[in-house]
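This briefing goes through the nonpolar cores, the charged pairs, the cysteines and one helix near the end of the chain, in an order that lets each topic lean on the one before.

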Amino acid sequence: MDAVELPEWLEMLRRVEVTDRVRNDPRSQGDTLFGLDMDQAFAAIGGGQADFNTQCGDLSPDDLALLYAYQNQKGHLEELVSAFGQLLAGAGPVNPIVVDIGCGPFTGGLALAATLGDDSRFDYIGVDRADSMRQLGARLASSDFVPGSVTTHWTPDFDSLQWQQRPGWRDVIVVVSYLFASPTLDAEALFEDLERLLSRLGRGAVTLLYTNSVREEHNRQFPGFRRRLEEAEFRLRAEDQGEIVVERWDGPRERSLYYALLHRPQRRRLVLGE
């Protein structure tokens, strides 16, 4: 199995906007990150589940978002680039709408732009309750390194989204990546919010990509969420555990993940009497 490679522009973007910002901070001395060793830094971000709206010791929410991107984002990018490469093999959707739930720092948008390259053209809706994550995501999205034409829309929740376009027939890609690892997630509320949003966007085909760790407790709520999607005419295309190979400083290693793919075709119904 070949290792997943990120394009040079994405590696450069992360170096400029994430790695160098952390490493060049005056608190980062030797092998520390903002004065913390690796284990302390990982604990500060709660393994990725911290409250990124709240100060943690001497670390501001913006510091925490940068630490998250420094420690976690590359692996998530590699997973999504691998998934998008398979999902969009051949003819992908033209100018889709991407809904990234629990978007963090624009990870799903960067992965899709890496997959589409210079032909990238899509609307990106980033949903994340943390201001610090949305602000870091907006900075990454606005970089000249990002190819193509990406229009971003940032919102802390579904109801606050400022979406001015009329409902249409554009394809929608929904990314739900690691959100189900959150112990406070309400999967039923998430489904209802998502269905309302999809109705606002239109009647185009919807593809939902779910990725998470392989730990059972992180996926415990997913079967119920999947059933609700299937009741709403989604069809399960794939659900399994798998591995990708990634390159690190000490050589190639396998990265395990749990994934699922669901799809709902265009909804073309003739309603008599209207």
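Helices here are DSSP runs of H or I with at least four residues, numbered from the N terminus. With that in hand, R228 and E231 can be placed together in helix 7, where they stand 3 residues apart, about one turn of the helix. The model is a predicted one, and the points below should be read with that in mind.

**Nonpolar cores**

- The largest nonpolar core has 52 residues, and those with the most contacts inside it are W9, L10, F52, F84 and L110.
- Helix 3, which spans residues 61-87, gives the most to this core, contributing 12 residues.
- Once its neighbours within four places in sequence are left aside, L10 is in contact with L77, L110 and A114.
- A second core, separate from the largest one, has 32 residues, including V127, L161, A187 and L201.
- As background to these sets, nonpolar side chains in soluble globular proteins tend to be buried together.

**Salt bridges**

- The structure holds 17 salt bridges, and among them is the pair formed by D25 and R27, whose closest N and O atoms are 2.8 Å apart.
- Within that pair D25 is buried, with a relative accessible area of 16%, whereas R27 is partly exposed, with a relative accessible area of 32%.
- R228 forms a salt bridge with E188, the closest N and O atoms being 3.0 Å apart; because R228 lies in helix 7 (residues 222-231) and E188 in helix 6 (residues 187-201), this pair ties together parts that are 40 residues apart in sequence.
- R228 also meets E231 in a salt bridge between their side chains, with an N to O distance of 2.8 Å.
- Relative accessibility is 24% for R228, which counts as partly exposed, and 32% for E188, which also counts as partly exposed, while E231 counts as exposed at 57%.
- A network of salt bridges links E17, R21 and R139.

**Cysteines**

- How many disulfides does the model contain? The count comes to 0 disulfides, where the rule asks for a pair of cysteine sulfur atoms within 2.5 Å.
- C56 counts as partly exposed, at 32% relative accessibility, whereas C103 counts as buried, at 3%.

**Helix 7 and its surroundings**

- Which residues of helix 7 are buried? They are F222, F225, R226 and L229, and, seen down the axis of helix 7, the buried residues fall within an arc of 100 degrees, so they line one face of the helix.
- What covers the buried residues of helix 7 includes helix 6, together with strand 5 (206-212), strand 6 (235-248) and strand 7 (251-264).
- Helix 6 therefore appears twice in this account, since it is part of what covers the buried residues of helix 7 and holds E188, the partner of R228 in the salt bridge between the two helices.
- Helix 7 is followed by E233, whose phi is positive, near 80 degrees.

How values were computed:
Residues are numbered from 1 along each chain as its sequence is written. This is a predicted model: local features need pLDDT of at least 70, side-chain atom pairs count only at pLDDT 80 or more; totals for chains, interfaces and linings use all residues. Side-chain values use heavy atoms; hydrogens and water are left out. A nonpolar core is a set of buried Ala, Val, Leu, Ile, Met, Phe, Trp, Tyr and Cys residues joined through side-chain atoms within 4.5 Å. Buried means under 20% relative accessible area, exposed over 50%, partly exposed in between (1.4 Å probe, protein chains only). Contact means heavy atoms within 4.5 Å. A salt bridge is a side-chain nitrogen of Lys or Arg within 4 Å of a carboxyl oxygen of Asp or Glu. The arc is that of the directions from the helix axis to the C-beta atoms.
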